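Let's take a friendly walk through this structure together. Have a look at the model first, and then read on.

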Protein chains: 2
Amino acid sequence: MFSLNYRDARPIYEQVKEGLRRLMVTGAIQMGEKLPSVRALAGTLAINPNTIQRAYEALEQEGYLYTIVGKGSFAAGKGDGSLARRETLLGQFDAAATELLFLGMTTEELAHRIQKANGREGQAR
Amino acid sequence: MFSLNYRDARPIYEQVKEGLRRLMVTGAIQMGEKLPSVRALAGTLAINPNTIQRAYEALEQEGYLYTIVGKGSFAAGKGDGSLARRETLLGQFDAAATELLFLGMTTEELAHRIQKANGREGQAR
DNA sequence: TAAGTGTACTAAGGCACATGGTACAGTCTT
DNA sequence: AAGACTGTACCATGTGCCTTAGTACACTTA
């Protein structure tokens with residue numbers, strides 16, 4: 001599924017968030033698919049269920065999953081992302097692009113990189 | 001110069017790093033220009049000099065500034081960025097691009113955004 | 001009924017961050 | 001030579017977030 005890095009400065013629940021988000025964005029987890037339960041994922045990653053709960057809670061607020069009490073958590077659709085998440089991403093995108101241009105990369109190189117990213121995304125139709 | 005956000009989850013020294021990096025990347029601080037001293041910047045931002053010191057130390061390791069004991073710290077040139085920093089940026093760029101494409105943005109929209117970023121960058125020749 | 005689901009608490013410990021203080025070596029101005 | 005400025009290096013302290021552990025409750029499903 002994905003792995004944790006305890007040497008990373010970022011908190012575990014952030015790594016869980018990014019790991020799940022990545023699986024959904026790349027199509028490894030498709031829309032409507034059931035995610036592992038809080039306790040199950042906690043057991044797999046050998047961490048506390050509370051930490052998983054925190055990650056799920058945040059992902060739900062970002063629009064990446066919805067939850068039904070007693071049934072479980074499920075991956076949301078593409079159009080369900082929050083505006084706040086989109087703004088955050090655009091900020092990260094612009095900052096990275098500006099700095100990479102400063103470091104000598106060309107607009108063509110970055111544009112080509114987007115093409116490759118477009119290939120990775122949405123392999124799930 | 002730039003401002004701190006105490007409600008932000010990121011540590012202060014990270015915000016200082018990003019603030020200075022942004023000023024250098026956008027040309028507001030040019031190559032070879034002297035940066036404010038550790039104590040001066042600490043006074044301006046109303047924080048501890050140790051925190052500034054930590055930010056400067058990290059920026060030097062990233063290749064964004066060089067320092068001369070007794071004289072001060074100075075903005076480095078474009079070609080002095082570390083490879084590690086470049087790899088970090090490329091990772092952030094790809095991740096943001098992939099997720100934005102998932103959320104419905106087109107490659108053309110992102111490419112156009114890079115053009116605008118290219119306008120902001122390097123206004124200092 | 002029993003097992004599995006999300007959710008909500010509380011208590012405790014660990015760790016990074018930030019502060020305050022002191023000190024030293026080097027550079028520059030006077 | 002003296003003083004003011006630079007970066008740098010400690011140490012001790014407090015705070016807040018993260019993480020764990022444990023318990024409990026409402027709901028769904030087999």
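This is a predicted model, and a good place to begin is where the two protein copies meet. Of the interface residues of chain A, 100% are also interface residues in chain B, so the copies meet through the same surface. How are the two chains related in space? A turn of 180° with a shift of 0.0 Å along the axis lays chain A on chain B with an RMSD of 0.1 Å. That is the relation of a two-fold axis.

Now turn to the DNA, and to strand D in particular. There are 22 residues around DNA strand D, and those that come nearest are A:Ile12, A:Asn50, A:Thr51, A:Arg54 and B:Arg39. Of the strand's atoms that come within 4 Å of the protein, 66% belong to sugar and phosphate.

Which parts of the protein form this surface? In chain A, α1 (12-25) and α3 (49-62) each supply at least two of its residues, as do α2 (38-45), α3 (49-61) and β2 (72-75) in chain B. The largest share, three residues, comes from α3(A). By type, the residues near DNA strand D are six nonpolar, 11 polar and five charged.

Finally, zoom in on some individual contacts. A:Asn48 places a backbone N or O atom 3.0 Å from a phosphate oxygen of DNA strand D. With B:Ser37, a polar side-chain atom lies 3.1 Å from a phosphate oxygen of this strand. B:Arg39, one of the residues that come nearest to the strand, has a polar side-chain atom 3.0 Å from a base oxygen of DNA strand D.

Notes. Residues numbered from 1 in each chain as written. Chains lettered and ligands numbered in written order. Predicted model: local features only at pLDDT ≥ 70, side-chain atom pairs only at ≥ 80, totals over all residues. Heavy atoms only, no water. Near = heavy atom within 4 Å. Polar contact = N/O pair within 3.5 Å; in protein donor to acceptor, adjacent residues only side chain to side chain. Helix = DSSP H or I, 4+ residues; strand = E, 2+ residues; numbered from the N terminus. Nonpolar A, V, L, I, M, F, W, Y, C, P; charged D, E, K, R; others polar. Least-squares fit on C-alpha atoms with pLDDT ≥ 70 in both. Contact = heavy atoms within 4.5 Å.
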